[in-house]
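Thanks, everyone. I have one structure to go through today, starting with the overall fold and ending at the ligands. Here it is on the screen.

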Amino acid sequence: MFFISRIDTDPAMDLAEQLAKRATQALLDEVNLTPKPGLVDQRSSGAHHDLSLDLMEASAHSLSATFYELALVSWQRQADVALRLEIGKIGRAGEQAMMNVTHGVNTHRGAIWALGLLVSSAAMLGGEYERALNITQGAATMASIGDPMQPQSFSKGKCASQRYRIPGAKEQAQLGFPAIINRGLPQLHLSRQHGANESQARVDALLSMMSSLTDTCVLSRGGTDALSAMQRAASLVLDAGGMATIHGQTRFDQLEQIMLTHYISPGGSADLLSATLLLDGLTPTPLTNPN
Ligand SMILES: CC(C)(COP(=O)(O)OP(=O)(O)OC[C@H]1O[C@@H](n2cnc3c(N)ncnc32)[C@H](O[C@H]2O[C@H](COP(=O)(O)OP(=O)(O)OP(=O)(O)O)[C@@H](O)[C@H]2O)[C@@H]1O)[C@@H](O)C(=O)NCCC(=O)NCCS
Ligand SMILES: Nc1ncnc2[nH]cnc12
């Protein structure tokens, strides 16, 4: 008689592994996407003196364990203060792990926050979701629960939000990631439908978010004039037909010139592009046109 030995797999661990892999891949896909204005890509470090492609990739890999832990602890849980405290602790440990790998350079703080919340929300749903909205709504609920353990330390984002009275990374999550739902994902799907290749469609999605996001990275370095100039120039690329067209590419060169002249970088939009790619992979149903 033969016995077939069977190792039971744990669905929570399986999903956590899958989500961690996808989130890390989304970060790698974002940083390798080329060309991107002002950002690190395969051509250059953009408007950054302390970042490189190698550093960004090392940072992305260092975050796999954080995404895995976030998913595992969130498996089929309700959004409540207890879970919020746990994911806050894991998120902060992830920030520290990133800083250890990058020797103190902030590569992915905003990405840990956005993708961390989305991974957590996908696991809260036990991997059962049809639409991106199902995941972003859960993430918004978690982001809206206060974390009493969060240290009240200085951050450039908070400082810019208060100085210019504009929403930053925290509010973007609390509102359910409108930049992704109303801009990034619809533009990605639209550009694909219109015949753009995958890289062009992803750059278009980035530009669509850049054209409206109040990115605290841009505000911190360049103030409101630089933010408005960037938003306008990003919009013009899309108005000209996007990256799949010659006119769009000419406008892209102009946008890039603006980024380098003002020495600004859309780090917040880059993080939200990673989050867009993660959601696109998890829920491939197209959304309607960008508004
Ligand atoms: C809620 C937090 C995200 C903290 O937010 P806060 O605004 O207080 O702090 P920041 O440290 O400034 O981080 C915010 C980062 O989010 C990105 N971002 C900016 N604007 C937006 C926006 N409107 N919407 C969404 N996301 C946005 C951005 O990240 C990217 O830029 C980083 C580089 O930034 P920085 O170092 O400022 O700039 P450089 O120009 O490179 O510096 P210099 O060269 O000039 O010196 C890069 O990391 C990208 O990721 C902002 O930086 C959250 O962190 C928090 O509360 N965490 C606690 C843990 C927790 O609860 N976690 C739970 C889930 S895991
Ligand atoms: N590609 C990139 N360049 C600079 N900062 C970033 N933050 C997230 N992605 C980035």
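Start with the overall dimensions. The protein has 291 residues, and a compact globule of that length would have a radius of gyration near 19 Å; the value here is 19 Å, so the two agree. Keep in mind that this is a predicted model. Along the principal axes, the C-alpha atoms fill a box of roughly 70 × 45 × 35 Å. Of the 291 residues, 47% count as buried.

What is the secondary structure content? There are 13 helices and 0 strands. Reading along the sequence, you get α-α-α-α-α-α-α-α-α-α-α-α-α. As for how the chain contacts itself, take the contacts between residues at least 6 apart in sequence: 75% of them join residues at least 24 apart.

Now two helices in more detail. The first one I picked is α4, with 22 residues. Its first and last C-alpha atoms are 31 Å apart, close to the 32 Å expected at 1.5 Å a residue. Which residues of α4 are buried? They are Arg-84, Ile-87, Ile-90, Gly-91, Gly-94 and Met-98. These buried residues cover an arc of only 135 degrees around the axis, which means they sit on the same side of α4. The general background is that an α-helix has 3.6 residues a turn, so residues three or four places apart point the same way. On the other side of α4, the exposed residues are Val-81, Ala-82, Gln-96 and Asn-100. The cover over the buried residues of α4 includes α2, α3, α5 and α6. After α4 comes His-103, which has a positive phi, near 55 degrees.

The second helix is α13. Its 16 residues should span 22 Å at 1.5 Å a residue, and the end C-alpha atoms are 23 Å apart, so that agrees. Is α13 enclosed or open? Of its 16 residues, 15 are buried, so α13 is largely enclosed by the rest of the structure.

For contrast, one residue at the exposed end of the scale. Ser-228 lies in helix α11. It has 12 C-beta neighbours inside 10 Å, and therefore counts as exposed. Ser-228 is 10 residues from Val-218 in sequence, and their C-alpha atoms are 9.8 Å apart.

That leaves the ligands. Ligand 1 has 38 residues around it, and those that come nearest are Gly-91, Gly-110, Gly-116, Gly-157 and Gly-267. Two or more residues of that shell come from each of α4, α5, α7, α8, α11 and α13. Which helix gives the most to the shell around ligand 1? That is α5, with 7 residues. Sorted by class, this shell has 9 nonpolar, 19 polar and 10 charged residues. Gly-91, one of the nearest residues to ligand 1, is also among the buried residues of α4.

Ligand 2 has 14 residues around it, with Val-31, Leu-39, Val-40, Gly-267 and Ala-270 coming nearest. Here α1 and α13 each supply at least two residues. The helix that gives the most is α13, with 3 residues. By class, the shell around ligand 2 has 7 nonpolar, 5 polar and 2 charged residues.

One last point on the two sites. Gly-267 is listed among the nearest residues for ligand 1 and again for ligand 2. The helix α13 likewise contributes to the shell around ligand 1 and to the one around ligand 2. That is what I have; questions are welcome.

Notes. Residues numbered from 1 in each chain as written. Chains lettered and ligands numbered in written order. Predicted model: local features only at pLDDT ≥ 70, side-chain atom pairs only at ≥ 80, totals over all residues. Near = placed C-beta within 6 Å. Helix = DSSP H or I, 4+ residues; strand = E, 2+ residues; numbered from the N terminus. Nonpolar A, V, L, I, M, F, W, Y, C, P; charged D, E, K, R; others polar. Rg over C-alpha atoms; globule rule 2.2 N^0.38 Å. Buried ≥ 20, exposed ≤ 12 C-beta atoms within 10 Å, placed from the backbone. Contact = placed C-beta atoms within 7 Å. Expected span 1.5 Å × (residues − 1). Arc of directions from axis to C-beta.
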